[in-house]
Amino acid sequence: MKLENLQPSGSFKIRGVGNMCQQAVQKHGAQTHLVCSSGGNAGLAVAYSGRQLEVKVTIVVPLSCSEFMKKKIQAEGASVEVGGEAWDEADLVARTMVANDPHGVYIPPFDNAAIWDGNSTMIDELKEQMGGATPDAIICSVGGGGLMNGIILGCQRAGWDKVPVLAVETHGANSFQQSVLAGELVTLPKITSIATTLGAKRVSAKSLELSMVHPVAPFGVSDAMASSACWQFLDDHRFLVEPACGASLCIAYTPALLANIFPQLNQDSNVVLIVCGGSNISFEQLVQYKEMFGAEGQQATIAVRSGDQILLKMTTETTPQRAIISNSYKPTPKVADGLAV
């Protein structure tokens with residue numbers, strides 16, 4: 001496990017946005033005003049970075065942002081402005097604010113090369129920490145794609161260009177999976193998952209591009225599975241993380257999933273799980289999720305497609321109903337009728 005939940009801002013986000021913030025201040029000086037549109041971990045990471053760099057920070061959040069998260073951002077010394085119903089509208093407000101401020105610098109939540117470069121440093125660390133061993137698979141969550149982009153770019157730099165990445169999303173926030181299935185960028189009509197920090201209605205174009213040159217399996221899990229994994233992780237390791245992180249963690253708690261996606265793995269395989277963390281969670285929220293889904297978490301039917309052959313369906317008992325696995329990772333131009341995603 002790569003414990004990104006132990007980063008100063010509580011998630012991996014500090015690597016990428018921290019890198020971009022540092023570059024901005026180096027270029028523009030002490031008068032720099034960092035402006036970010038985010039109601040979640042990216043905003044918190046920018047606020048933390050601004051405090052460390054001693055520059056002004058404004059985070060534009062949507063109306064859906066919780067008071068809990070607003071207070072965390074403000075506790076880092078940043079100003080919080082509310083703009084729009086959803087992130088897309090808040091982003092327009094942030095961009096307008098920067099356009100009208102000579103010292104303003106726009107910091108996106110995930111879609112920028114400096115952010116991907118910063119996130120890729122976790123692979124540099126992994127290569128050193130693994131002492132010459134090569135991962136047999138890497139598991140990560142996908143929201144806008146910034147984390148996955150950094151992982152793939154880091155793998156390419158490390159000579160791990162054949163290491164498959166299992167890219168996990170929750171149903172209702174699976175813009176990357178939908179895009180791979182369609183062979184083109186897909187914009188979700190709305191986000192319906194509780195994993196709101198995975199809630200990018202459209203994944204970065206770079207994510208789809210990288211999925212065409214690197215082995216990537218986009219994977220969808222239920223909200224119930226993600227929240228249940230958060231409870232299990234809390235019990236096992238005393239770490240409280242968001243459902244966005246639980247989406248990846250549930251793979252570790254459901255071994256049949258991984259075994260069917262990558263049948264070449266065995267108990268001696270080196271599987272790296274990126275524990276991306278997340279600060280937009282409290283124990284009270286986790287209790288609410290347990291009440292919504294039950295103590296164990298109801299596991300919904302899952303369909304996985306990457307390349308032209310991979311397909312997997314699971315029932316509530318997590319028993320494979322049909323599994324067709326291929327090592328081919330060519331982009332899929334069309335989606336078969338009736339395929340559940």
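This passage describes two sheets, an aromatic pair and a pocket in a predicted model.

Strands of a sheet pair through backbone hydrogen bonds, either parallel or antiparallel. One open sheet in this model is built from four strands, and their pairing is parallel. The strand order is β4-β3-β2-β5. The edges are held by β4 (79-82) and β5 (104-107). Each of these two has a single partner strand, so one side of each is left without a neighbour in the sheet. Neighbouring strands of this sheet are turned against each other by 25° on average, direction ignored.

Strand β3 covers residues 56-61 and runs parallel to β4, joined to it by four bridges. Opposite Ile59 stands Val80 of β4. Helix α2 packs on this sheet and touches β2 (33-37), β3 and β5. The direction of α2 makes about 170° with that of β3. Helix α3 (residues 67-75) lies across β3 and β4. It runs at about 145° to β4.

A further open sheet contains five strands in the order β1-β9-β6-β7-β8. Here, too, the pairing is parallel. The edge strands are β1 (2-3) and β8 (216-221), and each pairs on one side only. Six bridges link β7 (residues 165-170) with β8 in the parallel sense. Within this pairing, Thr170 has Val221 in β8 as its bridge partner. Helix α8 (residues 175-182) packs on the sheet through contacts with β7 and β8. The direction of α8 makes about 130° with that of β8.

Aromatic rings were examined next. A pair of aromatic rings is described by the distance of the centres and the angle of the planes. Across the whole structure, two aromatic pairs are found. One of them joins Trp231 and Phe283 in an edge-to-face arrangement. The centres are 5.4 Å apart, with 75° between the planes. Trp231 belongs to helix α10 (residues 223-237) and Phe283 to helix α13, so the pair ties together parts that are 52 residues apart in sequence.

The last feature is a pocket. Rolling a probe the size of a water molecule over the atoms shows where empty space is left. The largest pocket has a volume of about 1000 Å³. Its lining comprises 50 residues. Thr196, Thr197, Leu198, Gly199 and Ala200 lie nearest the pocket centre. By class, the lining has 21 nonpolar, 21 polar and eight charged residues. Several helices contribute at least two lining residues each: α2 (41-53), α4 (87-99), α7 (146-158), α11 (243-252) and α13 (283-293). Helix α2 thus appears twice in this account: it packs on the four-stranded sheet and supplies part of the pocket lining.

Technical notes
Residues are numbered from 1 along each chain as its sequence is written. This is a predicted model: local features need pLDDT of at least 70, side-chain atom pairs count only at pLDDT 80 or more; totals for chains, interfaces and linings use all residues. Side-chain values use heavy atoms; hydrogens and water are left out. On a 1 Å grid over the protein atoms alone, a cavity is a set of points where a 1.4 Å probe fits but cannot get out, and a pocket is an open set with protein on both sides within 12 Å along at least five of seven lines; lining residues have an atom within 4 Å of a point. Grid points are joined across faces, edges and corners, and a volume is the space filled by probe spheres set on the points. Ala, Val, Leu, Ile, Met, Phe, Trp, Tyr, Cys and Pro count as nonpolar, Asp, Glu, Lys and Arg as charged, and the others, Gly among them, as polar. Two strands pair if DSSP finds at least two bridges between them. Axes are lines fitted to C-alpha atoms, for helices over the stretch in contact, and angles run from 0 to 180 degrees between N-to-C directions. Contact means heavy atoms within 4.5 Å. Rings of Phe, Tyr and Trp (its six-membered ring) pair if their centres lie within 6.5 Å; planes under 30 degrees apart count as stacked, over 60 as edge-to-face and the rest as tilted.
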